[in-house]
Amino acid sequence: MDKSASLPLQFNQTAEFKALTEHFNDIQPVKMNQQFKDDAGRFDQFGLHAAGLNLDFSKNRITSETIQLLTQLARACDLPQSIKGMFNGELINQSEGRPALHTALRNFSAEPVLVDGKNVMPEVQKTLTRMKEFCWSIRSHQWRGFSNKPFTDVVSIGIGGSFLGPKLASEALKPYWSKQINCHYLANIDGSDLTEVLQGLNPETTLFIVQSKSFNTQETLKNALACREWFLNNGGTKEYLARHFSAVTANVPTAIEFGIAPQNIFPMWDWVGGRYSLWSAIGLPLMLAIGYEHFREMLLGAYEMDCHFKEAPLEQNMPVIMGLLGVWYVNFFDAQSHAVLPYDHYLRNLPSHIQQLDMESNGKSVDTYGRALNYQAGPIIWGGVGSNGQHAYHQLLHQGTQFAPCDFILPLTTHNPVDNFHALLASNCFSQSQALMQGKNLQQAQAELKAVGKSDDEIKVIAPQKVIPGNRPSNTLYFDKSTPKAVGALIALYEHKVFVQGQIWGVNSFDQWGVELGKQLGDKVHECLLAEECIGEDMGFDVSTSGLIKAFRSMQDKL
């Protein structure tokens, strides 16, 4: 008997996918311009509100039938059951046999959250209380450096999810920083990064937080050892290491051996993935910067988005709609990438965090049953802060051959009002999505050139170059202000959007075996680069890697 016959269909083999394919053929030539002309209520029809965020998805190549068919596809892929399973602690990370319960870290309800039959909420709340007490002792100057001076700087040492999420949130909430504490992040295994972070810091007033589940991540451990050496070489002693170093890790013995006091070690749990760990003790540097109350508000914003995701009907569910629109463009319009465009200086690192969140989660080519995907999954995520991008890559968005849906993100008010700057910023945000949708046809381009006195011959050559196709889709996310609550809701929204897409594509959004292979090979190459004698071919490397190793070693020998 063929065992594969008993497996669920991949999503592109379902009747719902076939119905969407027929619908796509009907809707493909439809112009959004015309849809807006025909329907004065389109903005209200395709708009959602949740957890303080507003989503305008009216500038998408959709009709009400599209949404109906997409949600039918979601039900065929058991999305409602998958959402319940995630919140209930089911082993949705199948390849590692773990739940994915980052939502438990911001659970404000009285409901228990079970892992292997044990309620983890008491441990989560205990850790949050410890974080609160830790931060209070630093911010109130009860805990000081070795010379009895208050701490002025905290350096978070981590990489990946231990770096991108906290750094994004720290910068997003810069207006809420204490004037006493500056927050720094050290991630890259690059001497220049280390040098720039430590430059100007005073070892007497600097606190380090080492963030690594294993306490053995190559980049993090190397940076931690370098910071410890810097501390010891600049007035610190081994006796005072425990006063200046803390850790977030599951490997307590190694952290203690490093010199960190047990009471300054915070837990990491297997049921929280790195890229979802901002809400845990990984957020310690953020809490130090903005304080416990603001950190709690960020958790509350995420919790409100969790409640919306869990309870709202699919047709009115913001993460579900955003996720399904992504599937619509990747699998029917052949979109290879998706642009995230925050119009807020403080949110400038949002694209980098979403890049890891999305691409590390859904960058897979095999489904959860081990079957190769015969469809696209996991678009390339890119973007940057507006309006800077308008003078760089927006040209491709408007006239390039690449088809890239966009998310425009804007707080309606700013923390730093200057003249009419924010109105100008907002006008750029709104007009860019309008231009992507509206475009400019050949007749309009010809009329513009004729109006400025161009000859017929010139118009014939130049006009086609000024044509902008339009009909290019975008979402606009807007909210009152970049507050802790709004930022928490925004990050949680994208977490759930990624989960939705992973469920439709049938991939495990919570493992990352490609990352693991790079780590394994990196250790072997590093060993060869530092050995007294190393011939790459003898180590089993290909000739290209062997040649690169020889080039590096040759240059090092000349130093």
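Is Asp306 buried or exposed? At 2% relative accessibility, Asp306 counts as buried, because the cut-off for that word is under 20% relative accessible area. Keep in mind, as you go through these close-ups, that the model is predicted.

**View 1. Asp306 and the residues around it.**
Here we're looking at Asp306, which you'll find in helix H13, the stretch covering residues 292-311. Which residues does Asp306 touch, once those up to four places away in sequence are set aside? They are Phe87, Thr103, Arg106, Ala492 and His496. So this buried residue has contacts with residues numbered as low as 87 and as high as 496.

**View 2. Helix H6 meets helix H13.**
Stay with H13, but bring in helix H6, made of residues 121-139. The axes of H6 and H13 come within 10 Å, and they cross at roughly 150°. On the H6 side, the residues to look for are Leu128, Met131 and Lys132. They meet Tyr292, Phe295 and Leu299 of H13. What kinds of residues make up the contact of H6 with H13? Five are nonpolar, one is charged, and no polar residue takes part.

**View 3. Strand E5, covered on both faces.**
Now zoom in on strand E5, residues 153-157. Side chains in a regular strand alternate between the two faces of the sheet. In E5, Asp153, Val155 and Ile157 sit on one side, with Val154 and Ser156 on the other. Are these residues buried or exposed? All of them are buried, which leaves both faces of E5 covered. Since five of the five residues are buried, E5 is largely enclosed by the rest of the structure.

**View 4. The neighbours of E5.**
Same strand, but this time look at its partners. Strands of a sheet pair through backbone hydrogen bonds, and the pairing can be parallel or antiparallel. How many bridges join E5 to strand E6, residues 182-186? There are five, and the two strands run parallel. If you want a spot to start from, find Val155 in E5: it stands opposite His184 in E6. E5 also pairs with strand E7, residues 206-211, in the parallel sense and over five bridges. For that pairing, look at Ser156, which stands opposite Ile209 in E7. Helix H7, residues 164-172, joins the picture too: E5, H7 and E6 make a right-handed β-α-β unit.

**View 5. An open sheet of six strands.**
Try reading this sheet across: its order is E1-E2-E13-E12-E10-E11, and its pairing is mixed. Why is one side of E1 and of E11 left without a neighbour in the sheet? Strand E1 (47-50) and strand E11 (380-383) stand at the edges, and each has a single partner strand, so one side of each has no neighbour there. From one strand to the next, the twist averages 20°. At the E11 end, strand E10 (residues 337-342) pairs with E11 in the parallel sense over four bridges. One pair to pick out is His338 with its bridge partner in E11, Ile381. Helix H15, residues 350-362, packs on the sheet and touches E10, E11 and strand E12 (406-411). The direction of H15 makes about 180° with that of E11.

**View 6. Some unusual backbone spots.**
Most residues other than glycine have a negative phi, and most peptide bonds are trans. Asp334 has a positive phi, near 60°. It belongs to the loop between helix H14 (318-331) and E10, and with a relative accessible area of 49% it is partly exposed. Asp419 has a positive phi as well, about 50°. Asp419 lies in the loop between E12 and helix H17 (421-438), and it is exposed, at 75% relative accessible area. Then there's the peptide bond from Gly386 to Ser387, which is cis, with omega near 10°. Ser387 sits in the loop between E11 and helix H16 (394-399).

**View 7. Cysteines without a disulfide.**
How many disulfides does a search of the whole structure find? Zero. Take Cys183: the closest cysteine sulfur, in Cys135, is 10 Å from its own, so that's too far for a bond. Cys183 is buried, with a relative accessible area of 10%. For Cys429, the closest cysteine sulfur is in Cys406, 11 Å away and again too far for a bond. Cys429 is buried too, with a relative accessible area of 1%.

Note on methods. Residues numbered from 1 in each chain as written. Predicted model: local features only at pLDDT ≥ 70, side-chain atom pairs only at ≥ 80, totals over all residues. Heavy atoms only, no water. Buried < 20%, exposed > 50% of the residue type's maximum accessible area, 1.4 Å probe, protein only. Pairing = 2+ DSSP bridges. Right-handed = clockwise from strand over helix to strand, strands pointing away. Contact = heavy atoms within 4.5 Å. Disulfide = S-S within 2.5 Å. Axes fitted to C-alpha atoms, helices over the stretch in contact; angles between N-to-C directions. Nonpolar A, V, L, I, M, F, W, Y, C, P; charged D, E, K, R; others polar.
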